[in-house]
Amino acid sequence: SWYKLVVCGLISNMAPSTVSYEAFAPRSAKQITRLQRLQTLTAGPVGLINDEEMKNSWTLSDAMTIGMDGTIVTTSDNGVDDKNSGKKIVEDVMNKTYGTSDQLTTLLKHSTSLRLALRASINICEDISNRHAELLRHSGELSASADRLQAEEMQLTQHAKEIGLPLQHYDAVDRIGILVSVLFRGRQTVVRGLAKVKVDHDEYPEVLNEIDEAVDFFGNECGGRVALEEAQRRVSGSESNMLSGSMEYYRRSLALQEAALFLIQEAVVDRIAQTSIDISYALNLHKHHVVAADKLEASLIYTRFHGISARSNRLIQLISRKKGDAYFNLLALCRTTYCSHREKLLKLTIRAHMDKLKDQHGLVGMTRIASVFLIRLCTNETQLYIDFFGMMNIYANAGSSRKRRESTSSVLLSDEDGAVATNNAEFQNYLNVLCGGLHRTVRRGLVTVHELDTLCQIVSILREERGQASSSSVTMAGARAIASVIEDAQERLIFCANSSLQKEVVRFRPTPTDLDYPN
């Protein structure tokens, strides 16, 4: 348009001269470097323009010169106007300008969008940061609340236990009475029936624990023990309601404990006694028959008792871990019953075997053989006693106990295994009674011996066997029996030696033949 042509003409008139002053005032290297940087930033020429290039170049003002008639003319180096060429150049420049303007507009829009997106991202980050801080605050509050609730829960649980403990024991007494078949009628009558719970059931130890806790609670914490003792002594005839209730439930808990322990007594004490009676009738021991010594270990006297040892051991260990007079008395009853019935089964057989050895081998040979027999007897009896009253973790079941017996069939038990038996005075007294058969038989034979050499042999053999028996705590009963026999043999030896001295030395009267020396 005409307006664009006028603008172009004004630009050409206002264009500065293209005269280069490089020839008159050369630039320094620092200035040239600074100009190159400015040209790069302003999209100008990439290099210095010399005079030759200036002559060959043309500017927008040269290309867009307005003629007198208002038309745009172009000038060339030789002064010839080329309208078509100038118009084409202007169109190209305008097209590039429009394209660049569109690109700048597009970049501006993208920049604006990018700025808005960046601002939105910043806002989102700030929102996330605020929410995270809020979440941390809420988490701290929740953690503090959780700790507080946990502490309150523990306190409430403790209070609930304290409140529910008496009710729990009251309920246990009423509930367990049905299991052990104990019926309370009034305040004094107790009726027993067939118990529903068995000692072999897994629930029996739990029932026993509940009864013990009830006895301890009503007897110690509620004062039922003192109230019952006072009622029995008839010191006072009236008690408070709480004291009376505690006394009644303490009495009931004792009755339940007695009924529960009676089941163990039937399973252990009564079974030992019945087994002993069955063996006695099976072997005719009640008719004073005896068992041969070489068949004693394989006889019913040992096999039947080994058969009931596993179950008895489990029940005995159950009551041995308990505290209280009732459990102590029941454990003592089990030991007393065991020792008394074993003594009845073995006493006659051991005495008969000692007499038989004396008749077959004489007093000297019988002394050695009988000592070895007693050591073996003490080992077997100690092993059987451990099967009944030893620690449960040593013998897990009857099979392991049988293997243990087979492994110790030819060797003595260790001191560790024998500690269970040696620490019990009642069992040691029982072994002393069994080993007393040796003392009885040897003492009766020593009375008839007058030869000093025979007595010396007996004392020597007994000392050797006593050393063997004293090497283990399991056979200490045999060692004590042999030691008592040694005392009697030494006493007999001293008596016979004194008699010989009195007869052959003190009372010696020489004859003329004795004095006829050297003939």
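**Helices, loops and cysteines in a predicted model**

N284 lies in the loop between α9 and α10 (300-320). This asparagine is a convenient place to enter the structure, which is a predicted model. The backbone of N284 has a positive phi of about 60° although the residue is not a glycine. That value stands out because most residues other than glycine have a negative phi. With a relative accessible area of 29%, N284 is partly exposed. A second residue with this backbone feature is S181, where phi is near 60°, again a positive value in a residue other than glycine. S181 sits in the loop between α5 (83-179) and β3 (182-185). Is S181 buried or exposed? Its relative accessibility is 15%, so S181 counts as buried.

Stepping back to the whole chain, the fold contains 17 helices and four strands. The protein chain has 519 residues, of which 32% count as buried. About 32,700 Å² of the protein chain is exposed, and carbon and sulfur atoms supply 56% of that area. Among contacts with a separation of 6 or more, 73% are made by residues 24 or more positions apart.

How far the details can be read depends on the confidence of the prediction. The average pLDDT of the protein chain is 78, and 77% of the residues score at least 70. Which helices mark the two ends of the confidence range? Confidence is highest in helix α9 (residues 269-282), at a mean of 93, and lowest in helix α12 (residues 398-407), at 45. Over residues 1-8 the pLDDT is below 50, and this stretch has six contacts in the model beyond near neighbours in sequence. Residues 235-243 also stay under 50, with seven contacts beyond four places in sequence. Where pLDDT is low, the predicted coordinates should not be read in detail.

Helix α6 (residues 203-221) offers a look at the interior, starting with V207, which lies in this helix. At 5% relative accessibility, V207 counts as buried. Leaving aside residues up to four places away in sequence, V207 touches I176 and L179. The C-alpha atoms of V207 and V180 are 9.3 Å apart in space, while the two residues are 27 residues apart in sequence. I211 is also placed in helix α6. Its relative accessibility is 2%, so I211 counts as buried. Beyond residues up to four places away in sequence, I211 touches I176, S253, L256, Q257 and A260. One of these partners, Q257, is 46 residues from I211 in sequence, yet their C-alpha atoms are 6.1 Å apart. I176 is thus a contact of V207 and of I211. In an α-helix, residues three or four places apart point the same way, because there are 3.6 residues a turn.

Further along the chain comes helix α15 (residues 452-469). At 1.5 Å a residue, its 18 residues should span 26 Å, and the end C-alpha atoms are 26 Å apart, which agrees. Which residues of α15 are buried? They are L455, I458, V459, I461, L462, E465 and A469. Seen down the axis of α15, the buried residues fall within an arc of 165°, so they line one face of the helix. The cover over these buried residues includes α11 (325-389), α14 (425-446) and α16.

Helix α16 (residues 476-506) includes M476. M476 is partly exposed, with a relative accessible area of 29%. Apart from residues up to four places away in sequence, M476 touches A469 and S470. A469 also appears among the buried residues of α15. M476 and L431 are 45 residues apart in sequence, and their C-alpha atoms are 9.2 Å apart in space.

The cysteines complete the picture. How many disulfides does the structure hold? The count is zero. For C378, the closest cysteine sulfur is that of C435, at 3.6 Å, which is too far for a bond because a disulfide needs the sulfur atoms within 2.5 Å. C378 has a relative accessibility of 1% and so counts as buried. C456, in contrast, is partly exposed, with a relative accessible area of 40%.

Note on methods
Residues numbered from 1 in each chain as written. Predicted model: local features only at pLDDT ≥ 70, side-chain atom pairs only at ≥ 80, totals over all residues. Heavy atoms only, no water. Buried < 20%, exposed > 50% of the residue type's maximum accessible area, 1.4 Å probe, protein only. Contact = heavy atoms within 4.5 Å. Areas by Shrake-Rupley, 256 points an atom, 1.4 Å probe, with all protein chains shown as cover. Expected span 1.5 Å × (residues − 1). Arc of directions from axis to C-beta. pLDDT = per-residue confidence, 0-100.
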